[in-house]
Structure formats: C-alpha cells, structure tokens
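Thank you for making time this morning. I would like to walk you through one structure, going from its cysteines to its cores, then to the ligand and finally to one aspartate.

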Amino acid sequence: MSSERRALVTGGGRGIGRSVAATLARDGFDICIFDRTLPGDKELLVEEIESNGRECLLIAGDVCDSESVQNAIETVAGRWGGLDVLVNNAGVVRDRVCWKMSDDEWSDVLGVNLTGTFQMCRAAIPLIRQGGGGSVVNISSINGLRGKLGQVNYAASKAGVIGLTKSLAKEVAGFNITVNSVAPGYIETDILASMPEDMKKQALSETLLGRAGDVKDVAEAVAFLCSSRARFITGEVLKVDGGQYV
Ligand code: NDP
C-alpha cells in the first residue's frame with residue numbers, strides 16, 4: 001500500500017458514493033469525485049470533505065465516455081501527481097423483464113455499470129501503479145451473484161463487475177495493487193425510487209438483520225478494503241447486505 005492518500009470515487013455526488021467519499025476523507029484521503037451531474041449542494045459536499053483537512057476535487061463527466069474518463073485521470077495526475085485508490089461506484093438500473101427490455105435499457109445499464117468500470121480501471125491503473133501500488137474497489141451487487149427478476153441487464157452487469165474484479169486482481173497483484181468488490185444488498189438510496197413497494201417489502205423480509213442498509217454500512221466496508229488493514233485481501237467479493245443473500 002502506498003503511504004500517499006488520494007482517492008477517486010465515481011458517482012460520488014450522492015447515495016453510496018457520497019458516503020464513501022466522506023468516509024475516505026475521514027480516513028485521511030484527498031478526494032476526487034467524478035460524477036455525471038455534480039450535486040446541487042456541491043459546496044456542502046466540498047465543505048464536508050475539507051472539514052477533515054483534505055482536498056476535494058469535483059469533476060463532472062461520464063464513465064461511459066472514454067475521453068471524459070481519460071481527461072479526469074489526467075486532471076488528477078496533474079493536480080496530485082498520482083492516485084492511490086479508485087472506487088468504481090457509479091451505477092444505474094433500468095428494470096424490466098427480459099422479453100420486454102429495450103436495446104437502450106440493456107446497453108445503458110451495461111454501459112455505465114460494466115463498461116464504465118472497465119474504462120475507469122484501464123485509465124487509472126497506470127497512475128496507481130506509477131505510485132507503487134494502491135487499491136481498487138468495484139461496487140457490484142448481491143443481484144450479480146444470485147440474479148433477480150426484472151434485472152437481466154443489471155445482474156449481468158454486476159456479475160461482469162465481479163469477473164472483471166477477479167481478473168484484474170490477478171493482473172495487477174505484482175504491482176502491489178489490490179482489487180476487490182463490495183456487493184451491497186438493499187440500501188436506502190435514490191436508486192430504489194423505481195422499485196415497486198411489494199419488492200421493497202420482499203427485500204426487507206429477506207434481510208436477516210430486519211432492516212434496509214444505510215449508505216454508511218457500505219462506505220465502511222469500502223474504507224476497510226482501501227486501508228492497510230486489508231492489505232492481504234484481493235480478488236474478494238464482500239457482501240454488505242444484512243444477511244439478505246444467506
Ligand atoms: P444512486 O442512484 O443514489 O447514485 C448513483 C450515482 O452514480 C449518482 O451520483 C449518478 O449521477 C452516478 N452516475 C450514474 N451514471 C453515471 C455515469 N455514466 N457517469 C458518472 N456517474 C454516473 O445509486 P446508489 O448510491 O444506490 O448506488 C451506488 C452503487 O451501488 C451503484 O453501482 C449501484 O448499482 C450499487 N448498488 C446499490 C444498491 C442499493 O440498494 N442502493 C444495492 C446494490 C448495489 P447522477 O446524479 O447524474 O445520476
């Protein structure tokens with residue numbers, strides 16, 4: 001692990017990503033948030049990061065657009081001279097049963113969740129490697145492990161993220177870079193807005209701990225995998241789901 005502490009979080013403007021950014025800042029990381037839309041309260045977000053004595057860099061861009069990704073990494077390299085942690089968190093859902101799913105619903109989800117993760121890794125790994133090592137954490141989902149009705153696109157993208165994580169872990173271990181995935185269960189965020197109430201109830205009833213997860217539950221797991229406490233863990237998928245998958 002590098003002793004420098006500079007992290008980039010995709011989709012860090014809200015939801016789980018925002019909590020990951022705040023938690024990593026608490027743990028002493030300068031933070032770059034790379035998000036499609038910077039949040040309306042971006043001053044508050046910057047203030048929250050900076051209150052930990054860390055720097056906050058906000059970059060608007062799209063993980064699906066390789067030029068935008070490359071520009072973000074170049075901006076980070078220019079500003080900080082390196083990068084130690086990459087958290088691929090940006091994600092979308094477009095749920096529909098397979099036989100009614102449109103081409104766009106399929107390709108949007110695969111594009112952001114899987115291709116976006118690939119493009120970020122491809123651009124960031126040389127910079128992380130240059131600094132002597134670091135960590136990558138890719139946010140997948142328990143539905144990438146078990147599947148879910150209405151989510152052939154989402155589950156395929158998240159299963160792909162898990163395969164990417166394990167393959168990349170093998171490719172970069174020799175450069176002192178760990179690559180892991182956090183697979184959340186049912187976590188209260190905006191992404192659930194389109195989920196029907198009966199499905200939310202079902203998800204809750206599956207959860208052994210009897211509650212939905214909080215964004216902080218996921219953020220703490222990510223922060224652990226980015227810390228030296230996890231230095232011997234790579235290629236792993238850590239479920240953060242209150243026992244929903246068991
Ligand atoms: P949210 O919808 O709350 O936040 C998603 C973030 O990703 C937003 O900031 C969004 O930006 C950003 N984003 C979306 N597309 C792009 C893009 N093309 N380029 C850059 N940024 C983008 O979702 P969550 O916080 O709930 O989800 C975070 C991750 O956790 C996702 O990967 C999701 O699949 C995963 N997850 C979530 C679960 C849950 O129950 N909440 C369960 C399992 C996994 P914008 O504001 O512009 O839309």
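A search for disulfides, meaning pairs of cysteine sulfur atoms within 2.5 Å, finds zero in the whole structure. For Cys56 the reason is distance, because the closest cysteine sulfur, that of Cys32, is 8.0 Å away, which is too far for a bond. Cys56 counts as buried, with 9% relative accessibility, whereas Cys98, at 49%, counts as partly exposed; here buried means under 20% relative accessible area, exposed means over 50%, and partly exposed lies in between, with a 1.4 Å probe and protein chains only.

I should say at once that this is a predicted model, in which local features need pLDDT of at least 70 and side-chain atom pairs count only at pLDDT 80 or more, while totals for chains, interfaces and linings use all residues. Residues are numbered from 1 along each chain as its sequence is written, and side-chain values use heavy atoms, with hydrogens and water left out.

Let me turn to the nonpolar cores, a term for sets of buried Ala, Val, Leu, Ile, Met, Phe, Trp, Tyr and Cys residues joined through side-chain atoms within 4.5 Å. The largest has 33 residues, and those with the most contacts inside it include Leu8, Phe34 and Val136. Among the elements that each supply at least two residues of this core are β2 (30-35), α4 (103-130) and β6 (177-184), where helices (H or I, at least four residues) and strands (E, at least two) are DSSP runs numbered from the N terminus. The most comes from α4, which gives nine residues. There is also a second, separate core of 30 residues, and Ile187, Ala221, Ala223 and Leu225 are among its members.

Which residues come nearest to the ligand? Of the 28 residues around it, counted when a heavy atom lies within 4 Å, the nearest are Arg36, Thr37, Asn89, Tyr154 and Thr189. A polar side-chain atom of Thr189 lies 2.4 Å from a ligand oxygen atom, and for Tyr154 the corresponding distance to an oxygen atom of the ligand is 2.6 Å.

Finally, Asp84 is found in the loop between α3 and β4 (85-88), and at 2% relative accessibility this residue counts as buried. The side chains of Asp84 and Arg6 are joined by a polar contact of 2.8 Å, that is, a pair of N or O atoms within 3.5 Å, where within protein one must be able to donate a hydrogen and the other to accept it, and residues adjacent in sequence count only if both atoms are side-chain atoms. The Asp84 side chain also reaches the backbone nitrogen of Arg5, at 3.5 Å.
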